[in-house]
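Here is a short briefing on one protein chain. Keep the sequence and the 3D view open while you read.

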Amino acid sequence: MQDRKWRMNEVWQWVVAIDAFDFNDPEPLAEIRKSEPIPHELEPIVAAIDAGERKSNKKAAAKLKIPARERMKIAGTLSIVIGLINILKSEEIGDEWGEYRRAIEIGADRRLLEPVDELRALEREARELIQGTADDLGVSVETIENLLRDMRRKIADWPNI
């Protein structure tokens, strides 16, 4: 599973381009096809696009509040930050992340706080990040949450994006 996620990360620009195509912006896909070979996992998707079997969703595109070519870029950036916060909040941090969790505890001690207060601050920062992104883009928090949900669905269904 982890290898699949890393592979998706390696071809992320293709994921962004295909998502843009799905929302009636074919230009990013056309541009990336000029400069990079199609990743083998995505060949069936690109073939379906070329054959006209996979079409853009023009109705959904008309309702978009975030430009199609920016959707997955924004979702990816937010997901990375929120994912790190969630890892740090997790009670089940293994050896790999244990030193980061310990850093939170040390930081809390230095500020005379309880570690739980530091973790709540991280949670608050995640909410503020989503709210700030929504404000910056002039959309609702629900729009940002839906965007993140779309990205999580793509990750879960990889390579069938």
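**Helix 6 and the largest pocket**

I80 sits in helix 6. The model is predicted. This briefing starts from that residue, then moves to the pockets, the helices and the local backbone.

- I80 counts as exposed because its relative accessible area is 56%, and the cut-off for exposed is over 50%.
- From I80 to V46 the C-alpha distance is 27 Å, with their positions 34 residues apart in sequence.
- I80 also belongs to the group of lining residues nearest the centre of the largest pocket, together with K5, S79, M151 and I155.
- In total, 23 residues line the largest pocket. Helix 1 (2–10), helix 6 (68–89) and helix 9 (141–157) are the elements that each give two or more of them.
- Which helix gives the most to this lining? Helix 6 does, with nine residues.
- The volume of the largest pocket is about 890 Å³.
- By residue class, its lining holds 12 nonpolar, seven polar and four charged residues.

**The second largest pocket**

- This pocket has a volume of about 200 Å³.
- Its lining consists of F23, A60, K63, L64, K65, I66, R71, T143, N146, L147 and D150.
- Helix 5 (58–63) and helix 9 each contribute at least two lining residues.
- Helix 9 has the largest share here, with four residues.
- Five of the lining residues are nonpolar, two are polar and four are charged.
- Two residues of this lining, F23 and R71, also form a charge-over-ring arrangement. R71 lies over the face of F23, 4.1 Å from the ring centre.
- How many aromatic pairs does a search of the whole structure find? The count is zero.

**Overall build**

- The protein chain has nine helices and zero strands. Read from the N terminus, the order of elements is α-α-α-α-α-α-α-α-α.
- The C-alpha trace spans about 60 × 35 × 25 Å along its principal axes.
- The chain has 161 residues, and 37% of them are buried.
- Take the contacts between residues at least 6 apart in sequence. Of these, 68% join residues at least 24 apart.

**Helix 2: enclosed or open?**

- Helix 2 (12–22) has 11 residues, and 10 of them are buried, so the helix is largely enclosed by the rest of the structure.
- The buried residues of helix 2 are W12, W14, V15, V16, A17, I18, D19, A20, F21 and D22.
- An α-helix has 3.6 residues a turn, so residues three or four places apart point the same way.

**The loop after helix 2**

- N24 and its neighbour D25 are both placed in the loop between helix 2 and helix 3 (27–35).
- N24 comes just after helix 2 and has a positive phi of about 70°. N24 is a residue other than glycine.
- Most residues other than glycine have a negative phi, and most peptide bonds are trans.
- Is N24 buried, exposed or partly exposed? N24 counts as partly exposed because its relative accessibility is 38%.
- D25 counts as buried, because its relative accessibility is 15% and the cut-off for buried is under 20%.
- D25 touches A20, A68 and R69, leaving aside residues up to four places away in sequence. Among these contacts, A20 is one of the buried residues of helix 2.

**The loop between helix 4 and helix 5**

- E53 is located between helix 4 (43–50) and helix 5, in the loop.
- E53 counts as exposed because its relative accessible area is 65%.
- The C-alpha atoms of E53 and K34 are separated by 21 Å, and these residues are 19 residues apart along the chain.

**The segment after helix 9**

- A cis peptide bond joins W158 and P159. Its omega is about 5°.
- P159 is part of the segment after helix 9.

Technical notes:
Residues are numbered from 1 along each chain as its sequence is written. This is a predicted model: local features need pLDDT of at least 70, side-chain atom pairs count only at pLDDT 80 or more; totals for chains, interfaces and linings use all residues. Side-chain values use heavy atoms; hydrogens and water are left out. On a 1 Å grid over the protein atoms alone, a cavity is a set of points where a 1.4 Å probe fits but cannot get out, and a pocket is an open set with protein on both sides within 12 Å along at least five of seven lines; lining residues have an atom within 4 Å of a point. Grid points are joined across faces, edges and corners, and a volume is the space filled by probe spheres set on the points. Ala, Val, Leu, Ile, Met, Phe, Trp, Tyr, Cys and Pro count as nonpolar, Asp, Glu, Lys and Arg as charged, and the others, Gly among them, as polar. Rings of Phe, Tyr and Trp (its six-membered ring) pair if their centres lie within 6.5 Å; planes under 30 degrees apart count as stacked, over 60 as edge-to-face and the rest as tilted. A charge sits over a ring if NZ of Lys or CZ of Arg is within 6 Å of the ring centre and within 35 degrees of the ring normal. Buried means under 20% relative accessible area, exposed over 50%, partly exposed in between (1.4 Å probe, protein chains only). Contact means heavy atoms within 4.5 Å.
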